Amino acid sequence: MARARNGNFLCSYAPYGYKLDPQNRHHLIVDEEVAPVVRRIFAMRQQGLSYLSIAKALNEQKILTPRDYYYKCAGRENPRNVTHAWCDVSVKEILKHEDYIGNLVQFKTGSISYKNHKQTSRPKENWIRCEGTHEAIIDRGTWDAVQALNQKSMRFRPQKEGEVTLFSGLLRCADCHKSMKLSRDFNQRKDGHRNNHHAYICGTYSRAGSHACTPHRTRMSILEDLVKEDIQRQAQRILCDEDAVVRELRNRLNAAGNAERTAAERSLKAARTRLAQLDKLIAKSYEEMVAGDIPREVLLDLIDKYQAEHREKTEQAQALAVILEQSEETEQDIQKWVKLIKQYMNVEELDRELLLKLIDKIIVGQKKVVDGVEQQSIIIVYNFVGEVELPPSLFDN
């Protein structure tokens, strides 16, 4: 473990996109033959393609899988009975490895105990992580954008033409909270001219009808205008008084998490205190077993109980540490959002990559008639800072 903490690469073979340095087998260097493939995978994901769509694209281009490439470099045939094709799982694995930003994360697995050598996943806080140990293939901005996208529970379902639509996976029904579905319809004038309408409707309504939910229908063109206008409006606020906007966001985000943070800090302190006690108890039990003062069987049972509690407390501490880490990232999140919004201050046309960078989801309400006017509520939930509610929007019948 000492060598891992010093940034030495200890695995037998390098991750896809790298190779072992001939001068130092504990150091990674970029494999220029396949590094462009890694960059392409991250670029396609950042553009909103699904894991499966990326895999299909790589297969169409006849790019060797990581395992087949490894055996090709080794000069021998792949002995495993496999399909020799990329799949969504292999793409997903590549997209979550920190190796590609120059970091080493090792000892993710370990044996259950001194008696049971079966390998199991170790708590994240027990991983050995070293930053900047080798040259990065992916820049940090691309990495952060892709990780944020990977954490979203969205489906990138292409239409019949094979294209993923602009708002695919981003729209949610305000009532049933299910995804919205693209609906294509048209009307035909007396002169024969055909008007095509692209609109999104509630997925539940589409599948189960009006007894399950209401349409929540909204035209794509209107959505585009609303989102574009709100991005421009937020950018204008920042341009006029960036400090005031940052203060407002900081107060809102911190106020929501202060109570949770205080409780987490208290619980984490107690968990770490108990972990230190357990470490001493386990060490003392081993000493007593060596000395023979207490029967071996009694001590082994006691050690097993201590280790079980140790694992439980470690998992608890890990979860609490994540809560605190997220709280500490609030300021960074605000700055990321401000920077992104400023980049799109003069946006004239929305594209898929822009939406995925800026927006977590858009919540669409059912249309209502107020004083004879049809209105609909749209709530934009931005990445990093959360909800921004637009005023009720007027729709043409």
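Q: How many residues of β14 are buried in this predicted model?
A: The model is predicted. Strand β14 is mostly covered in it. The buried count is 5 of its 5 residues.

Q: Which residues of β14 are buried on each of its two sides?
A: Both faces of the strand are covered. On one side sit I378, I380 and Y382. On the other side, the buried residues are I379 and V381.

Q: In which sense do β11 and β14 pair, parallel or antiparallel?
A: β11 spans residues 359-364, and β14 spans residues 378-382. The two strands pair over 5 bridges. Their sense is antiparallel.

Q: Which residue of β14 is the bridge partner of V364, and which is that of K361?
A: Both partners lie in β14. V364 has I378 as its bridge partner. For K361, the partner is V381.

Q: In which sense does β7 pair with β11, parallel or antiparallel?
A: β7 covers residues 171-173 and β11 covers residues 359-364. They pair over 3 bridges. Within this pairing, R172 has I363 as its bridge partner. The sense of β7 with β11 is parallel.

Q: How far does helix α10 reach from its first C-alpha to its last?
A: Helix α10 runs over residues 330-343, which is 14 residues. At 1.5 Å a residue, the expected reach is 20 Å. The model comes close to that, with 20 Å.

Q: Why do the buried residues of α10 lie on the same side?
A: The buried residues are T330, D333, I334, W337, V338, L340 and I341. Around the axis of α10 they cover a limited arc, which puts them on the same side. An α-helix has 3.6 residues a turn, so residues three or four places apart point the same way. The arc covered in α10 is only 165°.

Q: Where does D351 lie, and which residue is 304 residues away from D351 in sequence but 9.2 Å away in space?
A: D351 is in the loop between α10 and α11. Its relative accessible area is 39%, so D351 counts as partly exposed. The 9.2 Å runs from C-alpha to C-alpha. The residue at the other end is Q47.

Q: How many aromatic pairs are there, and what is the geometry of Y16 with Y69?
A: The count comes to 9 aromatic pairs. Y16 and Y69 form an aromatic pair, 6.1 Å centre to centre. Their planes are 85° apart, and over 60 degrees counts as edge-to-face. The geometry of Y16 with Y69 is edge-to-face.

Q: How many residues apart in sequence are the parts that Y16 and Y69 tie together?
A: Y16 lies in the loop between α1 and β1, while Y69 lies in helix α4. Y16 is buried at 9% relative accessible area, and Y69 is buried at 8%. Because the two rings sit in these two parts, their pair ties together places whose sequence separation is 53 residues.

Q: What is the angle between the planes of F42 and Y100?
A: F42 and Y100 form an aromatic pair, 6.0 Å centre to centre. Both residues are buried. The pair is edge-to-face, and the angle between its planes is 70°.

Q: Which parts of the protein does the pair of F42 and Y100 tie together?
A: F42 and Y100 are in parts 58 residues apart in sequence, so their pair ties those parts together. Ring pairs also link F42 and Y100 into a cluster with Y18 and W143. The tied parts are helix α2, for F42, and the loop between α5 and β3, for Y100.

Q: What is the phi of K62, and is K62 buried or exposed?
A: K62 is in the loop between α3 and α4. Its phi is positive, about 55°, although K62 is not a glycine. Its relative accessibility is 74%, and over 50% counts as exposed. So K62 is exposed.

Q: In which loop is H177 found, and what is its phi?
A: H177 counts as exposed, at 58% relative accessibility. The loop that holds H177 lies between β7 and β8. H177 is a residue other than glycine, yet its phi is positive, near 70°.

Q: What percentage of the residues in the protein is buried?
A: The protein has 11 helices and 16 strands. It has 397 residues. The buried share is 38%.

Methods. Residues numbered from 1 in each chain as written. Predicted model: local features only at pLDDT ≥ 70, side-chain atom pairs only at ≥ 80, totals over all residues. Heavy atoms only, no water. Helix = DSSP H or I, 4+ residues; strand = E, 2+ residues; numbered from the N terminus. Expected span 1.5 Å × (residues − 1). Buried < 20%, exposed > 50% of the residue type's maximum accessible area, 1.4 Å probe, protein only. Arc of directions from axis to C-beta. Pairing = 2+ DSSP bridges. Phe/Tyr/Trp six-rings, centres within 6.5 Å; stacked < 30°, edge-to-face > 60°.
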